[in-house]
Each structure stands twice: as structure tokens, then as C-alpha cells.
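Q: Please take a close look at one part of this structure with me. I work at the bench, so a connected walk-through would help most.

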Amino acid sequence: MTALAASAAPKDTAPGAEPPDSGARHRLTAVTGLAALSLDAMASVAYGPEAIVLVLAAAGGHGLGFTLPVTLAVAGLLAVLVASYRQVIAAFLDGGGSYAVAKAHLGRRTSLVAAASLVLDYVLNVAVAVTAGVAALTSAFPALYGDRLWICLGVLVLVTAVNLRGIVDSARAFIVPTAVFVGAILVLVVVGLFRDAPVSTAVSAGHASVLADDATTVGALLLLKAFASGCSALTGVEAIANAVPSFRTPAARRAMRAEVALGALLGVMLIGLSVLISRFGLQPVKGVTVLAQLADASFGHNGAFYVIQFATMVLLALSTNTSFGGLPVLLKLLARDHYLPHVFGLRADRQVHRYGVLWLAGVAAGLLLFSGGDTNALVPLFAIGVFVGFTIAQTGMVLHWRRERGTRWAAKALLNGLGAVLTGVSAIVVAATKFHDGAWLIVLALPLLVLLFEAVRRAYDRIDARLGVGRIPEPPHRARSLVLVPVSSLTRLTSEALTVAVSLGDEVRAVTVCHPDAEDLAATEALERDWALWNPGVPLIRLSSVKRTLGRPISAYVRELRTVEPDARVTVLVPEAEPERLWQRLLQNRRGAVVAHAVRRDTDAVICRLRFRLGPRQPTWTRGRRSRSSSASRRISRVTGATSP
């Protein structure tokens, strides 16, 4: 790890040990963690049962009879995943979910596949959730349909701004919408169970049915496809395990409680809605969601119906918070392992990984622009990554139990193995059935992202090798120091720069670049005369240049010095005036940056950029005879700006 990374990257947490809880008020409890990290999974009840019904509708009414059995299978897999991720939380306190499991038990390459799948899933979740929420809004208010893209971007900006204030603030802001949605769905299920028949079918009246003719049998492939589609309701189950460090101490216990609560609520809602689908003999129709039909059947077409719709719309839009809570932590772990730039490991006072949040928002905005705010353009890409992550995590936990050999390790390994088989089959089925609809993009993007991670790691390894990281360096020794100060006029900035230079080096030389035109020659000669009169004890070297460039003549002179004095340490001190007002920087021509860039690019000299702040009450410089180069200096300043003396 590089020296810079050593100071920026967090230390690994010892297995079974809780990290010190710094900034507890900016961390999550079990309740706020449920609100911040479970919105994706909670909102999936709006489309999970519908995904099952739409697949089974291909077999007509006979196929719809399998809605509850398929949902029970999905709920069974949910129970397996929740049990597994509870163990992941306990074993990997630094978070990371499937990435951390794979890194510990399946090797580097597999861990990168898990990380890439999670990154893709989190980014797509943001885009899909925002477009789905806005789609619900435009369904209620059709006049807004033409502005759906701008509404999507506005929602994304709002959620990003909330998350930049910290995950706790975002959790507090989302507790009420989450509670309203969960409460409304549970009330819908309870009320529906007391109905013998639908109270109303007004919402589906006049809409064409998508139900096919009754089939004599329902094939295993159709049931498998319905199961895989229903597993879209499981997206987000892993988010809590990915963000364990965001919880208050004891983080593992709080995170496990939140995981269990998520699994219980999600399972009850999924099974309850499926029971109502079978009880009411619901048939899917075009243009109306299954959840809307269930609300109409249980409550009637009244205020309660609109509460369900509005709560669904809000929660779908806010379910992006799952990604904002989980992905920045994953990016931090990747940065710590040198697979991403170390800037993703930086954390603000509010426990915010700001660069991860902003990167996620930027990529999601790009997807929204690419899709035009259309949910249907993004859905085929969704959920593949999360199934890959599920499979890797389950497989890794099987090896974990084999190595631990603790109490009932065989039963635990069998449970995780079953989960790995089920999620692996689901991943294959989803990828195959949605391949031509756009899933090929994910199949292509996943290995490309893995290659990107490895390229970043190789770059950091080369930096480590050149810096000698991990090896004891040679003792420091004193070398002769030569400081060059570029100047173009005689000002107070010149004096300040030379004062600093003589304090840094054994020898100081001022250099000025002279071009062959008459005006520049006259200005340079005037500067040399005034320099002799001033007599600062530092020689002024004229560097002639045929081309009108500043950086290259100075870098060429540095290379010449390095050839003559190979043991000397050359430092180029570039003085720059820093204006009092921010807008006044527009008056500068950045010539200091030009010189620094050229020297850095062409030589190995040390670059030192001296900032001279021009405050409102600068002390007056020593009064005396105006230098004869003052008029020429003003001409040069108009050409070059005030960024160097």
C-alpha cells in the first residue's frame, strides 16, 4: 500500500472484534438502518408478485393457480438468504457482503466478480427505482409524462443531497414513508383476508387482460421462469450486510436485528399479497399494476386506494437510498484494497463517503439520460448482478463453515449450499430469458469492470514498487540544493519569493524567459538593469526562447543543470499572487500553472508553488525611487498576468 494510502485507508478490523464507535450520532440504529438500507427490498413488493403473475399468465387461469406456491418458494429462499447474511454480518464486521466473503474464501478474482456485480446492481437500482417512482406519478398525472426525465433527475438530485448530509439524516427522513408503506400493505392484506370477494374492480375496468388461454399443464420451465422473476423481490436483501460499519456499536448485533426485521416484513408482505391474488382470482391487465388491483379489491376505489398508490410511488423513488447506503461502503473497501482510486476511501465528518455518493449519482444520471426516464428500457438490465452476488456469497459461506468446523457446521453449510444452487439457477435463468432484451449489456459490463479493477490494482502495485513500500529505506542524507525562481518583473512578490528561496536552498538563481521580439527584449534589458541596482544577492539568468513559450525554456535549463550537477537537488519555486476575491482569479492567465506543468512533465525537479495572498490591508512596500523598468513591467504584466513576479 502506498504511503498516501496508509494514512487515508482504514485499518482492517480483527475477526469478532467491534471497531471503536467514533461519531455514534452519525451512525445507524436497527430502526434507522431498516429505513435507510431496506427501502429497495421493501419497495420490491410492488413488482415482485406482479412479475410472478405476468409469467404464469402465459398458462392462463390454470397457471395463476401456482402463484402462491411460487411465492412460497421465493419466501423460502428469502429465509435462506436472511439466515446466511446474518452469518456474513457476524463474520465480516467491515461490511462488503459477497465481496468480503469471496475475498476471504474464494480468491481475488471471484471477489472482484462479486464486487462488480454489486456495483452494477446498485447503480441500476437507483435508475430503476427513480424511473418507477416517477412512472407512478405520471400515471396519476398524465400531463407530467413529457417532463418525466427532468422529474427523474430532480428526484435523483434530492436524494443525493439528503445522503450527502449523512446516512443517519437520510434514514430519519425516510422512516415515515417506510412506515406508511409497510403499514398500508399490512392493512391491505388483513382487510383483504376478511373479504369474500373484491369490493371493487373499477381500476381494471376497460383494460385488456393479458391472460392467455388455459393450458392443460404448467411446465417446469415456466415455473422456473416465474420463480426467477419473483426473485426480483429479493434485491436489496444484501444491503445491510454491505454496510455494517454504518451501524452504532455493537454494529453486528444491530445489523443482524435489522436484517431479520427486513426478512420478516418482506416475507409477510409477499406471502400476504400472493394469498390475496389467489383469493380474489385476480387476472393481470394492461396498464394497471397488480398492487393497484389488490388495493381496489380490498379497500374499494376510495381514499385508502390512493394512499396505497401514493405510498408506493414515494417508496419506489426513495428506495434509491439502499444503493446510497451500501455502494459507498463497498467502494471504500475496494479502494482500501487498491482496486479503485483511494479517494473513494475518504470519509467526511458525518460518516459520509462523499465521493462514492457523488459517483453513484453521476452514473445513475447518465443511465437516466440514456433511457430517457423510461423504466422498461432499464428493467431488462436489473437483478442479474444481485443474483451473481447471492450465489458467490452463499458458496463462500459453505467454505467458511467447512473451515470453522463449529457447532452444527454441516447443517449451516447445507443451508448455504442450497441457497447457492437456487440463486445460481435463478441467475442463469434471468440472464438467458432477458439476454436479447438488454441483459447482454450486463454480461459484457461485468467482466469489463473486473478488468478495470485489476488495471487500477496493477497501477498501485507499480507505484508501491517504485516507492519501496514495505521495505526499510536508506537513511536520509543532505544533498546540495539549488533553487530556481522564475521572474518576469521586479515586485514585492519577487522579494518574497527570493526570501523563501534563500531559506530553502544552498544556491538560488532567478530565471527570466526572453523572446526575440523588440518589446520583450526591451523589457528584459530594463529588468536586468533594475536587478543590478536592487542587488538582491541572487543572480538573474536570461533564458532565450525563439518560440513564445514559458515552461519549456525553464525545463530545458533544469535538465542542463541536472547534467552538470547530477547530485544536486533542483527545486523550482513558482511564486503566485492569490487575489482577495474569488472572481478576480479570472483576471490571471495561469502562467504559474503552465511553468509548473512543463517542469513536472519534462524533469524530476521538485515543484514548489508559493501563494502570496493579497489581503485587504497589505503593508506598504518600502518607498523609494520608481524602478526604470516599471513601465515595461506594467506592459509585461498586462501580457502575462499577476501569477508570477
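A: **Salt bridges and the sheet**

Let's start with Arg 611, which forms a salt bridge with Glu 576, their closest N and O atoms being 3.8 Å apart (a salt bridge is a side-chain nitrogen of Lys or Arg within 4 Å of a carboxyl oxygen of Asp or Glu). Arg 611 belongs to strand β5 and Glu 576 to strand β4, so the pair ties together parts that are 35 residues apart in sequence. Helices (H or I, at least four residues) and strands (E, at least two) are DSSP runs, numbered from the N terminus.

Before going further, note that this is a predicted model: local features need pLDDT of at least 70 and side-chain atom pairs count only at pLDDT 80 or more, while totals for chains, interfaces and linings use all residues. Residues are numbered from 1 along each chain as its sequence is written, and side-chain values use heavy atoms, with hydrogens and water left out.

The two partners sit in different classes of accessibility: Arg 611 is partly exposed at 46% relative accessibility, whereas Glu 576 is buried at 5%. Here buried means under 20% relative accessible area, exposed over 50% and partly exposed in between (1.4 Å probe, protein chains only).

Now for the sheet itself. Five strands make an open sheet in the order β3-β2-β1-β4-β5, with parallel pairing; strands pair if DSSP finds at least two bridges between them. At the edges stand β3 (540–544) and β5 (606–613), each with a single partner strand, so one side of each has no neighbour in the sheet. On average, neighbouring strands are turned by 30° against each other, direction ignored. Axes are lines fitted to C-alpha atoms, for helices over the stretch in contact, and angles run from 0 to 180 degrees between N-to-C directions.

Strands β1 (residues 481–486) and β2 (residues 507–514) pair in the parallel sense over five bridges, and Val 483 stands opposite Val 508 in β2. Helix α21 (residues 492–504) packs on the sheet, touching β1, β2, β4 (569–578) and β5, and its direction makes about 150° with that of β4. Contact here means heavy atoms within 4.5 Å. Helix α24 (residues 591–602) lies across β1, β4 and β5, running at about 170° to β5.

Loops that flank the strands hold salt bridges too. Arg 480 pairs with Glu 565, with 2.4 Å between the closest N and O atoms. This pair links distant parts of the chain: Arg 480 is in the loop between α20 and β1, Glu 565 in the loop between α23 (551–564) and β4, 85 residues apart. Arg 480 is partly exposed at 34%, and Glu 565 is partly exposed at 22%. Arg 480, Glu 507, Arg 509 and Glu 565 are linked in a network of salt bridges.

Finally, Arg 548 forms a salt bridge with Asp 517, their closest N and O atoms being 2.5 Å apart. Since Arg 548 lies in the loop between β3 and α23 and Asp 517 in the loop between β2 and α22 (518–534), the pair ties together parts that are 31 residues apart in sequence. Arg 548 is exposed at 57% relative accessible area, while Asp 517 is partly exposed at 30%.
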